[in-house]
Amino acid sequence: METTTCNGSGDSPTIFYLMGIPSLSKSLFLPIFFVFLLLYLLILVGNALILVAVVAEPSLHKPMYFFLINLSTLDILFTTTTIPKMLSLLLLGNCFLSFPACFLQMYLFHSFSCSEAFILVVMAYDRYVAICHPLHYTVLMTPQTNAALAASAWLTALLLPIPAVAQTSQMAFGPMARVYHCFCDHLAVVQASCSDTTPQTLMGFCIAMVVSFLPLFLVLLSYAHILASVLRISSREGRSKAFSTCSSHLLVVGTYYSSIAIAYVAYRAELPLDFHIMGNVVYAILTPVLNPLIYTLRNKDVKAAIIKITCPKDLRMLGNPDSKG
């Protein structure tokens, strides 16, 4: 009986074979391909519209919308890291990834995931300053401060996954490593190794907990101060207006942490492997596809800017007879 040799010495390059969703019938590959393709196009078009609207509309050149275009850029990059490969796997059966490609995908997936958490914290801080310190808002949230906050969020997220990815790349793998996932997720790649997986599994879990709960704590802390400040507003109209400026961000935060909860429950519960994989896929797709919908439906300024750039002036006037040229 031939034994599986590990690539600890680097004698031959490791090829990673993505198993996808193992029990998924091949007859469902094409329908799921079109579903994922549609979702990916929605993500690209929706977030691109937000980017163009914010850049083109002078009235949206505010800190809140500066952070929003960071979030939209991030959602495009985050999904582009994984979905094209999933589409290739479903349509063409292209299941192979080279060693560098797999670890690059792993690094980018987790970096962009961390970035989303930190950008949401920065957006919560922006809302905190706007509502709790409105008179000092323009002094505190200068363009330089905004750029520094966004850069800090991106840089921290780009650095955080490096230790886990670097150490995982030093593990021993066979010439053909089977990854039970649709993409090179850290835990799935660790489990494909011939080495002891316990240290890397523990490290990945600890990093995931820090990246999930520290930003969540900071967001909740910001909103605790916001809630206390809003409740001190005497008029009902004033309270409603203050809450309305936070509604889109709160929905995005809720969506993001709901997708994390789905992935976590799928991982921790005694469920078949397919549910673990699908939980992670939901996490990779749900937030990026809902973010542009939330901001275009809930935020009237963004909605108006998108209508302005997508609809000719004559059509806008036709839809609003009371408007004047």
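User: Quick one to start: what share of the contacts between residues at least 6 apart in sequence join residues at least 24 apart?
Analyst: That share is 79% in the protein chain. A contact here means heavy atoms within 4.5 Å.

User: Where do the numbers and the model come from?
Analyst: This is a predicted model, with residues numbered from 1 along each chain as its sequence is written. Local features need pLDDT of at least 70 and side-chain atom pairs count only at pLDDT 80 or more, while totals for chains, interfaces and linings use all residues, and side-chain values use heavy atoms, with hydrogens and water left out.

User: OK. How many helices and strands are in the chain?
Analyst: Twelve helices and three strands. Both are DSSP runs numbered from the N terminus: helices are H or I with at least four residues, strands are E with at least two.

User: And what does the C-alpha trace span?
Analyst: About 80 × 40 × 35 Å along its principal axes.

User: How much of the chain is buried?
Analyst: Buried residues account for 44% of the 325 residues. Buried means under 20% relative accessible area, exposed means over 50%, and partly exposed is in between (1.4 Å probe, protein chains only).

User: What about the area the chain exposes?
Analyst: It comes to about 16800 Å², and carbon and sulfur atoms supply 69% of that. Those areas come from the Shrake-Rupley method with a 1.4 Å probe; for residues, only the protein chains shown count as cover.

User: Switching to the strands: in which order do they sit in the sheet?
Analyst: The order is S2-S1-S3, in an open sheet with mixed pairing. Strand S2 (96-98) and strand S3 (176-179) are at the edges with a single partner strand each, so one side of each has no neighbour in the sheet. On average, neighbouring strands are turned by 30° against each other, direction ignored.

User: Which way do the pairs run, parallel or antiparallel?
Analyst: One of each. S1 (residues 15-18) and S3 run parallel and are joined by four bridges, whereas S1 and S2 run antiparallel with three bridges. Two strands pair if DSSP finds at least two bridges between them. In general, strands of a sheet pair through backbone hydrogen bonds, either parallel or antiparallel.

User: Which residue in S2 is the bridge partner of Phe16?
Analyst: Leu97. On the S3 side, Val179 stands opposite Leu18.

User: Which residues are on the covered face of S1?
Analyst: Phe16 and Leu18, while Ile15 and Tyr17 are on the uncovered face. In S3, the covered face has Ala177 and Val179, and the uncovered one has Met176 and Arg178.

User: Which helix lies across S1 and S2?
Analyst: Helix H3 (residues 99-132), which runs at about 90° to S2. Axes are lines fitted to C-alpha atoms, for helices over the stretch in contact, and angles run from 0 to 180 degrees between N-to-C directions.

User: Let's stay with H3. Is Arg127 buried or exposed?
Analyst: Arg127 sits in helix H3 and counts as buried, because its relative accessibility is 8%. Leaving aside neighbours within four places in sequence, Arg127 is in contact with several residues, including Met64, Tyr137 and Tyr223.

User: And Arg239, how exposed is that?
Analyst: Arg239 is partly exposed, with a relative accessible area of 26%. Arg239 is in helix H9 (residues 236-268), and apart from neighbours within four places in sequence its contacts are Val230, Leu231, Ile233 and Ser234. Its C-alpha atom and that of Ser229, ten residues apart along the chain, are separated by 9.3 Å.

User: What does Thr82 touch?
Analyst: Gln105, Phe109, Phe183 and Ala284, not counting residues up to four places away in sequence. Thr82 belongs to helix H2 (residues 63-92), and its 0% relative accessibility is why Thr82 counts as buried.

User: Last residue: where is Ile285?
Analyst: In helix H10 (residues 273-298). Ile285 counts as buried at 7% relative accessibility. Beyond residues up to four places away in sequence, Ile285 touches Phe36, Leu39, Ile43, Ile83 and Met86.

User: One more thing: how many positive and negative side chains are there?
Analyst: There are 17 positive and 14 negative ones, and the centres of the two sets lie 15 Å apart. Lys and Arg count as positive, Asp and Glu as negative, with His and the chain ends not counted. Each charge is placed at NZ of Lys, CZ of Arg, CG of Asp or CD of Glu.
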